[in-house]
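Visitor: I am new to this structure and would be grateful for a close look at a single part of it. Please begin there and then set that part in its wider context.

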Amino acid sequence: MSMFTTTAYTTDKATPGQRRVMLAAVDADGRLPDGANQRVLNSLPESWARTDVAAGGRFLTTEGRAALAPLGRFFLLARANPVNGCLPGTTGHSDMLALVRDGLAVLQDSDGRPVSVADRWERGNSLRITERGRRLVGMPLTAPAFAERHPVGSRAMWKQQEGEPARPVQILGWPLADGTVYVLPESTYLSYAASRERPVPAEQIRPAPQTPAPTVPSRPDDRRNTMTDRKPEPTLDDDLEALRGLAAAVVKPVTPSAETWEQVKALEERATAGYELAERFTEFDQRATADRRAPKEWGISRELSEEQIAAELEKRPELQALGGFLATLATMGMAPWQMANLVRRVKAHEEAGADES
């Protein structure tokens, strides 16, 4: 079994001293430091750090790495973009704190500068894998030859077995130390489970065939869709329905199995569905916030400064009627154009009442 496999499962928790020693071993290619506290070294079980007499030291095992990063955190680090280091999806608060505490990930702002946990909401909240995190999951520190043939985000073919047709996939990362690379199957006829991203042996990846794009003659009198027509973007209602389906898959009960590895596999699948739900919800939130026809609860509340209020009043003089209420409406999520429409409708109603009297 590879020392970087994710199938290892342990319920034992390492003490702070043990974590420091094992994290130092991660930085040293898995070898425990000889100068560490002997009492801490003696407390490490052989299942976490095996003794190699020939090499003259102790080295981390699969169970030891699993004690440092439980399944969810290990899977999150392994799915990081190897080019920019960004971790996918939305990370849970406890996982984020643990990854930053152990030096496996770092918070950065939009300019790439480190951000403390306390300032993450003011300066940014981009979580990126560190060199230690790459070493823990077996991710290369520099681009391998595989990345030249199959860059991240490119299309390729996955041929699982001889005699079976190759399946189109999207490359999501670089090969890890266990020889696997994360891919996303692409097909319109795949089931939900078959369309999930997964690690596959890198040796089973083949280049995508280069086929010329078909040419469709232009016929003005033909109202049928041509092959070059773009499909309409799904509406917010369609996205919301898809989110409900993902949420149902996340909370689907797990049938207890007799074998431990089956239970662990089911937990990995639930974690994958949870990460996708977080990613899809983030995209839905951004679209709904930018859509003027979206419900009011999707609006972004804003704290306007005195300079911003003065700029809005100069740009839209009709907002003078709101006075100090302008900042309150902005906090409630109303955009300036919505406030202007509100003022016009009130004035129109007052003028109509004056004409009747």
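Is D29 buried or exposed?

Guide: The model shown is a predicted one, and D29 is exposed in this model, with a relative accessible area of 58%. The residue lies in the loop between helix 1 and helix 2. Its backbone deserves attention as well: D29 has a positive phi of about 60 degrees, although it is not a glycine. Most residues other than glycine have a negative phi.

The side chain of D29 also takes part in a salt bridge. Its partner is R135, and the closest N and O atoms of the two are 3.1 Å apart. R135 belongs to helix 7 (residues 131-137), whereas D29 sits in the loop between helix 1 (16-27) and helix 2 (38-43), so this pair ties together parts that are 106 residues apart in sequence. The two partners can also be described by their exposure. R135 has a relative accessible area of 25%, so it is classed as partly exposed, while D29, at 58%, is exposed because its value is over 50%.

From this one pair, the view can be widened to the other salt bridges. A search of the whole structure finds 11 of them. One of the others joins R58 to E46, with 3.8 Å between the closest N and O atoms. This pair, too, links distant parts of the chain: R58 is in strand 2 (residues 57-60) and E46 is in the loop between helix 2 and strand 1 (49-52), with the two residues 12 apart. Helix 2 thus borders the loop of D29 and also the loop of E46. R58 is buried, with a relative accessible area of 18%, whereas E46 counts as partly exposed at 44%.

Another salt bridge brings together the side chains of D95 and R73, at 2.8 Å from N to O. Here the link runs between two helices: D95 is in helix 5 (residues 93-101) and R73 is in helix 4, and the pair is 22 residues apart. D95 is partly exposed, with a relative accessible area of 22%; R73, at 19%, counts as buried. The cut-off for burial is under 20%, so R73 and D95 fall into separate classes. In addition, R19, R101 and D102 are linked in a network of salt bridges.

Helix 4, which holds R73, also contributes to a contact between rings. The structure holds 1 aromatic pair. This pair is formed by F75 and Y182 in an edge-to-face arrangement, with 5.7 Å from centre to centre and 65 degrees between the planes. It links distant parts of the chain, since F75 is in helix 4 (residues 71-78) and Y182 is in strand 7 (residues 180-185), 107 residues apart. Both partners are buried: F75 has a relative accessible area of 14%, and Y182 has a relative accessibility of 7%.

Strand 7 leads on to the pairing of strands. Strand 6 and strand 7 pair in the antiparallel sense over 3 bridges, and within this pairing V169 has P185 of strand 7 as its bridge partner. Strand 6 (residues 167-171) also pairs with strand 5 (residues 155-158), again in the antiparallel sense, over 4 bridges. In that case, the bridge partner of M157 is P168 in strand 6. Strand 6 therefore pairs with strand 5 and with strand 7, because each pairing has at least two bridges.

A further example of buried and exposed positions is found in helix 11 (residues 306-315), whose buried residues are I309, E312 and L313. Seen down the axis of helix 11, these residues fall within an arc of 100 degrees, so they line one face of the helix. On the other side of helix 11, E307, E314 and K315 are exposed.

Finally, some values describe the chain as a whole. Its secondary structure comes to 13 helices and 9 strands. Of its 357 residues, 34% count as buried. Among contacts with a separation of 6 or more, 52% are between residues 24 or more positions apart. The accessible surface of the chain comes to about 22400 Å², and 53% of this surface belongs to carbon and sulfur atoms. Within this setting, D29 is an exposed residue in the loop between helix 1 and helix 2, joined by a salt bridge to R135.

How values were computed
Residues are numbered from 1 along each chain as its sequence is written. This is a predicted model: local features need pLDDT of at least 70, side-chain atom pairs count only at pLDDT 80 or more; totals for chains, interfaces and linings use all residues. Side-chain values use heavy atoms; hydrogens and water are left out. Rings of Phe, Tyr and Trp (its six-membered ring) pair if their centres lie within 6.5 Å; planes under 30 degrees apart count as stacked, over 60 as edge-to-face and the rest as tilted. Buried means under 20% relative accessible area, exposed over 50%, partly exposed in between (1.4 Å probe, protein chains only). A salt bridge is a side-chain nitrogen of Lys or Arg within 4 Å of a carboxyl oxygen of Asp or Glu. Contact means heavy atoms within 4.5 Å. Accessible areas come from the Shrake-Rupley method with a 1.4 Å probe; for residues, only the protein chains shown count as cover. The arc is that of the directions from the helix axis to the C-beta atoms.
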